[in-house]
Amino acid sequence: MSYPYQLMTQADYENAYRKSVENPEEFWAGVAENFVWRKKWDKVLEWNFTEPSVKWFIGGKLNITENCLDQWAQKQPDTPAIIWEPNNPNDPTITLTYKELLAKVIEFAVVLKNNGVEKGDRVCIYMPMVTELAIAMLACARIGAIHNIVFGGFSAKSIRDRIEDSQCTFVITADGVYRGAKPIDLKSAVDAALEGDTPVKKVIVLNHANIAISMKEGRDLWWHNEIASLQGKELKDPIEEMDAEDMLYILYTSGSTGKPKGVVHTTGGYMVYVTYSFVNVFQYKPGDIYFCTADIGWVTGHSYIVYGPLAAGATSLMFEGIPTYPDAGRFWDIVDKHKVNILYTAPTAIRSLMAFGLDPLKGKDLGSLKVIGSVGEPINLEAWQWYYDNVGKKNCPLVDTWWQTENGGILISTLAGVTPSIPTFATRPLPGIQPVLVDANGKELEGNNVAGNLCIKFPWPSMLRTTYGDHERCRLNYFATYPGNYFSGDGALRDENGNYRITGRVDDVINVSGHRIGTAEVESAINVQDSVVESAVVGYPHDIKGQALYAFVILDGNISEADALAKINTAVNKEIGHFARPDKIQFVKGLPKTRSGKIMRRILRKIAEGEMNNLGDTTTLLNPEVVEEIKNHRLS
Ligand code: WT7
């Protein structure tokens, strides 16, 4: 088996790129022909970025799970689809071949159907990194239910908001998760999220961590009981035929304003793009063992643990634990144990492992590795070099992959060993991707050696179609800032050879350990506290997390700073989740404001970054005196 659309040389890439720009429809039709369609599309593409409206493979009918499972269960039934590595290295590994995974997905699809889940229903999934998570999402896709996965680190309140916003009628969860030394409860967060009025009718619970939990009569069902009830029965496969533009999933992500947005991905284009990009960026070859360390709760896991690799018939390794348990050599042990060929991880993980020095790498072979990858935030030179030298042993191409939840798949990246890797550069757009840099007025910056706001001017198959329940928000967020373009919210520069280097967000979104956090959300969690008058949250550079949050908070004087600190931390845990807690909270008498009352975040950002002598003109502020006070009490 080989992939007809795999680009093997730089010339292949240049040709494919040229063709994809000159004739995008023909180009993508050529790729899409390699997939399983129940009915071929009538038209490849219709689009405008004003509404916006984007449709790919119009009239095409398919089920993405036939591509991810059935075709391989036929062609290579005994090839491992998923290898699961437990948190505790002494517990057994689980391997599911394509044949086995297909059977389990059909079985669970029947369970969903028997419990009333119908095509188009939204299903919230809140689970650990276990094989049942992949089974649950594929079972949803098989019956045309729309999954809405919520990362296990989110709080009850966040689960509730997401369930409400997308009106989920079912939840799939587990009792708990193993991450590090002791199991963590998951089910109680779901219980709290469903208190009072809720659209949720049933909750299916996997017993994974043997934690004592409460089960609500009439609502909660055990996964194993539901499966057991099917034993000995003839199962009818409940597969649905889906339209290429039917919704596949919703995934919430933070923006610079308001509540998280439900990014909507549809079926046909998403499948084609994630598979094409998976094969080409990582240069996957049949038989390779591929390990992406992301959590399926984020888009990286959706596209590059489950859908992309499986639609390519690959072997995808899933890991439940954390990089430092039982010690900081765990990733390397996993690579050696399973002879991993392709490793895809995040700069924050690399930096946290770098902090342990080279000892944890001693005695590890890592000789199976052929390609190493990075995603989630800009990778700084030091981390790049460390990863390349000590993990890739200077002979694995490092792919720095730039993309976003909204993009569905990797947009700018080196193709491993095919196009050159350049430290700290994501390098070149994939075929089909037409990036542009624009200035503050939306004017396109042509030529090379320019820096600006990164936009994409032409649709690609896996781009978001809408934000759930609020199309106007999608338009305003992504298509209104620079009309005619999709605006990413990132800044970038293009060097003299046309390579892109992503410089980071240009809006109020902060990337903390690769987790995207809207400062507005953290502020609103802080501001609802009685004793808080106002707050402003900004990002600052952090050695391990990349960026961390710095909160400036005005108190009303009726609370001690110690109590306020505790209250704020609890509030952020409850409203969003642990990972969104500010590293620094400074209590201030005032926040710098413009005459019209807008908080001058630029100044706060500079102070947080420690660039205090470079604040620019502060004399036009409404309250210039607060700046000195804030500077004097800055937390270092
Ligand atoms: C934001 C998207 C896409 C998977 C994980 C994050 C930043 C992502 C890179 C990279 C520089 C990167 C951007 C982007 N980002 N990859 N290789 N180089 N920055 O998905 O949560 O939607 O976050 O992550 O700022 O806008 P996400």
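These legends accompany close-up views of a ligand site and a pocket in a predicted model. Local features need pLDDT of at least 70 and side-chain atom pairs count only at pLDDT 80 or more, while totals for chains, interfaces and linings use all residues. Residues are numbered from 1 along each chain as its sequence is written, and side-chain values use heavy atoms, with hydrogens and water left out.

**View 1. The shell around the ligand.** Here 17 residues surround the ligand, and Asp400, Thr401, Thr405, Asp490 and Arg516 come nearest (a residue counts if one of its heavy atoms lies within 4 Å). At least two shell residues come from each of helix 10 (299-311), strand 20 (398-401) and strand 25 (500-505) (DSSP runs, numbered from the N terminus: helices are H or I of at least four residues, strands E of at least two).

**View 2. Polar side chains at the ligand.** Look for ligand oxygen atoms paired with N or O atoms of side chains (polar contacts, within 3.5 Å). The distance is 2.5 Å for Thr405, 2.8 Å for Gln404 and 3.2 Å for Asn511. The protein buries 96% of the 560 Å² that the ligand exposes when taken alone (Shrake-Rupley method, 1.4 Å probe).

**View 3. The second largest pocket.** This pocket has a volume of about 240 Å³ (the space filled by probe spheres set on the grid points; a pocket is an open set of points on a 1 Å grid where a 1.4 Å probe fits, with protein on both sides within 12 Å along at least five of seven lines). Of its 19 lining residues, Ser256, Asn477, Phe487, Gly489 and Asp507 are closest to the centre (lining means an atom within 4 Å of a point). Strand 24 gives the largest share of the lining, 3 residues.

Methods:
A polar contact is a pair of N or O atoms within 3.5 Å; within protein, one must be able to donate a hydrogen and the other to accept it, and residues adjacent in sequence count only if both atoms are side-chain atoms.
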